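Here is a short briefing to read alongside the structure. Have the sequence to hand and follow the chain from its N terminus as you go.

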Amino acid sequence: MKNIISGFIMQRNLINFLILILLIFFLFNACQREWDEPLKIVYLQASNIWTMDEDGDKKTQLTFSGTDNYPVFSPDGSEILFVRNSNQLWIMNIDGSGQKLVFDRSPNMVLDPTFSPDGKKIAYLDNLPSIRIVDIDGS
């Protein structure tokens with residue numbers, strides 16, 4: 001009886017393992033890009049925001065203030081959200097055009113902003129410390 005039970009448990013673990021492998025396979029395939037344009041990477045250099053293609057080519061400087069931090073892409077990849085002067089939240093197009101102040105939280109700091117999955121809200125940390133959520137227009 002003990003062998004039957006341990007055989008059942010091992011068989012069940014194997015089935016769970018196979019289900020997990022299939023789930024990972026489907027998730028990986030669902031996350032594959034469906035477009036031919038190269039993936040962009042956003043990064044900081046000397047507190048300015050830059051982008052480059054995934055292969056390291058086409059490096060482009062987008063900001064020149066020397067006070068920028070925390071760049072993050074919008075969910076659709078068309079805009080970049082970033083912090084300037086530690087207390088201002090800005091947004092711009094992926095090519096650096098259309099830079100717009102979302103809000104200024106002086107004297108409080110704005111840390112680690114991110115978009116909601118639908119791109120309609122922004123979450124960020126402040127130095128109080130608190131998590132804040134605002135609409136994309138800063139309200």
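The points below go from the whole chain to one strand and its two partners.

This is a predicted model. The chain holds 1 helix and 10 strands, and the helix comes before the strands when you read from the N terminus.

**The chain as a whole**
- Of the 139 residues in the chain, 26% count as buried.
- The exposed area of the chain is about 9,600 Å², and carbon and sulfur atoms supply 60% of that area.
- Among contacts in the chain with a separation of 6 or more, 24% join residues 24 or more positions apart.

**Strand β6**
- Strand β6 covers residues 88-93 and is mostly covered, with 5 of its 6 residues buried.
- As a general reminder, side chains in a regular strand alternate between the two faces of the sheet.

**β6 with β5**
- Strand β5, residues 79-84, pairs with β6 in the antiparallel sense over 6 bridges.
- Within this pairing, Glu 79 has Asn 93 of β6 as its bridge partner.
- The two strands form a hairpin with 3 residues between them, and in the turn Asn 85 has a positive phi of about 60 degrees.

**β6 with β7**
- Strand β7, residues 100-104, also pairs with β6 in the antiparallel sense, here over 4 bridges.
- Look for Leu 89, which stands opposite Phe 103 in β7.
- This hairpin has 6 residues between its strands, and Gly 96 takes a positive phi near 95 degrees.

Technical notes: Residues are numbered from 1 along each chain as its sequence is written. This is a predicted model: local features need pLDDT of at least 70, side-chain atom pairs count only at pLDDT 80 or more; totals for chains, interfaces and linings use all residues. Side-chain values use heavy atoms; hydrogens and water are left out. Buried means under 20% relative accessible area, exposed over 50%, partly exposed in between (1.4 Å probe, protein chains only). Contact means heavy atoms within 4.5 Å. Accessible areas come from the Shrake-Rupley method with a 1.4 Å probe; for residues, only the protein chains shown count as cover. Two strands pair if DSSP finds at least two bridges between them.
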